[in-house]
Amino acid sequence: MSDPVMPELSTVSWTASATGLNFHDLAEGSGDACANGNNATVHYSGWLESGSLFDSSKTRGTPFTVEGVGQAPVIDGWNEGLVGMKPGGRRLLKIPSSLGYGDMGIDGVIPGGATLIFEVELLSVS
């Protein structure tokens, strides 16, 4: 399977939250929306703003479950960005470093201060 390609962002109409997270729904989905405390099973791909892919559940072929959305052991941008998504929905997240990996980054993977771009597909909510 080839690596996912970052969507073209120049035409995206972002919605900004008070925390600095930006999101854009590519597809709304249907059913009950993900709320704080839910478990969310997703497929995702993450890129640096340069377009460099740093992680993707799609290339591994294995969905990822975020347990306890809102307080899950994932970056803050995910805890906030998954809320309101409906199963089958696809969302772009533009996560500032303050809601990602901060000034430290992840050695050899994500530079300090990096803004991250994720495409997230919500497969199910429980």
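Colleague: Is isoleucine 106 buried, partly exposed or exposed?

Modeller: Isoleucine 106 is partly exposed, because its relative accessible area is 32%, and buried here means under 20%, exposed over 50% and partly exposed in between, with a 1.4 Å probe and protein chains only. Please keep in mind that this is a predicted model, in which local features need pLDDT of at least 70 and side-chain atom pairs count only at pLDDT 80 or more, while totals for chains, interfaces and linings use all residues. Residues are numbered from 1 along each chain as its sequence is written, and side-chain values use heavy atoms, with hydrogens and water left out.

Colleague: Where is isoleucine 106 found, and which residues make the nonpolar surface patch with Ile106?

Modeller: Isoleucine 106 is found in the loop between β6 and β7, where strands are DSSP runs of E with at least two residues and helices are runs of H or I with at least four, numbered from the N terminus. Tyr101 and Val109 join Ile106 in a nonpolar surface patch of about 220 Å²; patches take residues with over 30% relative accessible area and no salt bridge, joining nonpolar side chains (Val, Leu, Ile, Met, Phe, Trp, Tyr) within 5 Å and like charges within 9 Å. The accessible areas come from the Shrake-Rupley method with a 1.4 Å probe, and for residues only the protein chains shown count as cover.

Colleague: Switching to salt bridges, how many are there?

Modeller: The count comes to four, a salt bridge being a side-chain nitrogen of Lys or Arg within 4 Å of a carboxyl oxygen of Asp or Glu. One of them joins the side chains of arginine 91 and aspartate 25 at 2.6 Å, N to O. Because arginine 91 lies in strand β6 and aspartate 25 in strand β2, this pair ties together parts that are 66 residues apart in sequence.

Colleague: And are those two buried or exposed?

Modeller: Arginine 91 counts as buried at 5% relative accessibility, whereas aspartate 25 counts as partly exposed at 37%.

Colleague: What does glutamate 119 pair with?

Modeller: Its side chain meets that of arginine 90 in a salt bridge of 3.1 Å, N to O, which links strand β7 with strand β6 across 29 residues of the chain. Glutamate 119 is buried, with a relative accessible area of 13%, and arginine 90 is partly exposed, with 30%.

Colleague: How does β2 run relative to β6, parallel or antiparallel?

Modeller: Strands β2 and β6 (residues 90-95) run antiparallel and are joined by five bridges, with phenylalanine 23 having leucine 93 in β6 as its bridge partner. Strand β2 (residues 22-27) also pairs in the antiparallel sense with β1 (residues 15-16), over two bridges, and two is the least number that DSSP must find between strands for them to pair. In the hairpin of β1 and β2, five residues lie between the strands, and glycine 20 takes a positive phi near 105°.

Colleague: Last topic, the core: which residues have the most contacts inside it?

Modeller: The largest nonpolar core has 23 residues, and those with the most contacts inside it are Val42, Trp78, Leu82, Ile95, Leu116, Phe118 and Val120. The elements that give two or more residues to this core are β3 (40-48), β6 and β7 (116-125). A nonpolar core is a set of buried Ala, Val, Leu, Ile, Met, Phe, Trp, Tyr and Cys residues joined through side-chain atoms within 4.5 Å.

Colleague: What does tryptophan 78 touch?

Modeller: Leaving out residues up to four places away in sequence, tryptophan 78 touches Val42, Tyr44, Phe64, Val66, Leu93, Ile95, Phe118 and Val120, contact meaning heavy atoms within 4.5 Å.
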